[in-house]
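Good morning, colleagues. Please take a moment with the sequence and the structure before I begin my remarks.

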Amino acid sequence: MIELRHVYKRFGDLIVLDGVDFEVRQGETVALLGPSGVGKSVLLKHINGLIHPDSGEVWVDGQDVVHLKQRPLARLRSRIGYVFQAGALFDSLSVADNIRLGITDEDCAGDEEYCRNRVALCLDLVNLPPETADKFPSELSGGMRKRVGIARAIAGQPTYLLWDEPTSGLDPVNADIIDSLVEKLDDELGVTSVVVTHDVRGAFRVADRIALLRDGRIRAMGTPSELRASTDPAVQQFLERDLTIPVTH
Ligand SMILES: Nc1ncnc2c1ncn2[C@@H]1O[C@H](COP(=O)(O)OP(=O)(O)OP(=O)(O)O)[C@@H](O)[C@H]1O
Ligand SMILES: [Mg+2]
C-alpha cells in the first residue's frame, strides 16, 4: 500500500503540493491525471523518497519513507520500479547494461545467464527486438528509449511500479502494448502501480481508480465510472475530450 498524508512541498515561492492525501491499495492501479506542471512527477518522486516533503507523511508497504535510513530505503527502492518521464538511461552503457541495472537482487544480478534471459524477456515485453540489447541509447529513437526505460523498471520484478507518462511519445500501437503491459503486471502479478498520464483514454483502460491533481491537491479520486459521474466542473473539463469512450469497469 502507498499512502501520502497531508503532503506539502514547495520550491522557493512555488507551492506545488498543498496538502495531498493519496492512497493506493495493495494490487491496485491508480492513474494520476492533471495539467502539465501541476506536480504529478513531484508527487511520484515522493513515493520512492527521491523528493522529501516539507511536511506530511509518505508510507509505502508499512514503511515511513521520509524517515527511513539509507540501507532500508535502498532495500525498499529495489522493490519499486520507476519509469522516468524522460527515460533517464545511461548513454555510456549498452541497452542490456541499462536494463541490468534494474536487476537489484544480488544473486540474480551476479548470474550471467539469468541476466541475459531477463534482459531478453523484458525487451520482448516492451516490444523491442532482441538485437536492441547490444545498441546504445544514442542509436535509438525517443520511443525506443522510453521502452528501454520501462524494461529496466520491470527487470527487477518489483512489487510497486511508478510510471511517469509511460506512453507519451509512443505511436498508438506501442502505446497500446505498454497499456496492456500495465494491465498484465497489475492483473497477473499483483503489482501495485501509479501511472501518471495525459492519456485519459489509457487511464480509463488500465486504472482501477483515477485521481485528478489540481491546485496542489487531489481534487477527485474514484473508479472510472465514479469520475465520469462527477459533477465537479474541473473533473468534467478534464475528461471532456474523451467522454465518448465507453467505461469498461
Ligand atoms: N527540483 C525542482 N526544483 C524546483 N522546481 C521544481 C523541481 N521539480 C519540479 N519543480 C517545479 O514543480 C512544478 C511541478 O513539476 P512536475 O514536474 O511535477 O509537473 P508535472 O505535473 O509532472 O508536469 P508534466 O505533465 O509537464 O510532466 C513545476 O512548476 C516545476 O517547475
Ligand atoms: Mg511530469
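Is serine 41 buried or exposed? Serine 41 is buried, its relative accessible area being 18%. I should say at once that we are looking at a predicted model.

I begin with serine 41 because this residue takes part in the metal site: the protein donors of the magnesium ion, ligand 2, are Ser41 through OG and Gln85 through OE1. These donors lie 2.1 to 2.3 Å from the ion. Serine 41 belongs to helix α1, residues 40-47, whereas glutamine 85 sits in the loop between β6 (80-83) and α3 (95-100), so the two donors tie together parts that are 44 residues apart in sequence. As for accessibility, glutamine 85 counts as partly exposed, at 37%, while serine 41, as I said, is buried.

Let me turn to the aromatic side chains. How many aromatic pairs does a search of the whole structure find? The search returns one. The pair consists of tyrosine 82 and phenylalanine 84, with 4.3 Å from centre to centre and 25° between the planes. The arrangement is classed as stacked because planes under 30 degrees apart count as such. Tyrosine 82 is buried, at 7% relative accessibility, and phenylalanine 84 is partly exposed, at 28%.

Next, the helix packing. The axes of α6, residues 142-155, and α7, residues 172-189, come within 12 Å and cross at roughly 10°. The two helices are therefore roughly parallel to each other. On the α6 side the contact is made by Arg147, Ile150 and Ile154, and on the α7 side by Asn174, Ile178, Leu181 and Leu185. By character, the residues of this contact are five nonpolar, one polar and one charged.

Finally, the backbone. Most residues other than glycine have a negative phi. Which values, then, do we find at asparagine 127 and glutamate 165? Asparagine 127, which is not a glycine, has a positive phi of about 65°. Its place is in the loop between α5 (112-125) and α6, and asparagine 127 is partly exposed, with a relative accessible area of 37%. Glutamate 165 also has a positive phi, near 50°. This glutamate lies in the loop between β7 (160-164) and α7, and glutamate 165 is buried, at 10% relative accessible area.

To close, I would return to the metal site, where Ser41 and Gln85 are the protein donors of the magnesium ion. Thank you for your attention.

Terms used
Residues are numbered from 1 along each chain as its sequence is written. Chains are lettered from A and ligands numbered from 1 in the order in which they are written. This is a predicted model: local features need pLDDT of at least 70, side-chain atom pairs count only at pLDDT 80 or more; totals for chains, interfaces and linings use all residues. Side-chain values use heavy atoms; hydrogens and water are left out. Donors are N, O and S atoms within 2.8 Å of the metal (3.2 Å for Na, K and Ca); water is not among the atoms, so sites may look incomplete. Helices (H or I, at least four residues) and strands (E, at least two) are DSSP runs, numbered from the N terminus. Buried means under 20% relative accessible area, exposed over 50%, partly exposed in between (1.4 Å probe, protein chains only). Axes are lines fitted to C-alpha atoms, for helices over the stretch in contact, and angles run from 0 to 180 degrees between N-to-C directions. Angles under 35 degrees count as roughly parallel, over 145 as roughly antiparallel, 65 to 115 as roughly perpendicular and the rest as oblique. Contact means heavy atoms within 4.5 Å. Ala, Val, Leu, Ile, Met, Phe, Trp, Tyr, Cys and Pro count as nonpolar, Asp, Glu, Lys and Arg as charged, and the others, Gly among them, as polar. Rings of Phe, Tyr and Trp (its six-membered ring) pair if their centres lie within 6.5 Å; planes under 30 degrees apart count as stacked, over 60 as edge-to-face and the rest as tilted.
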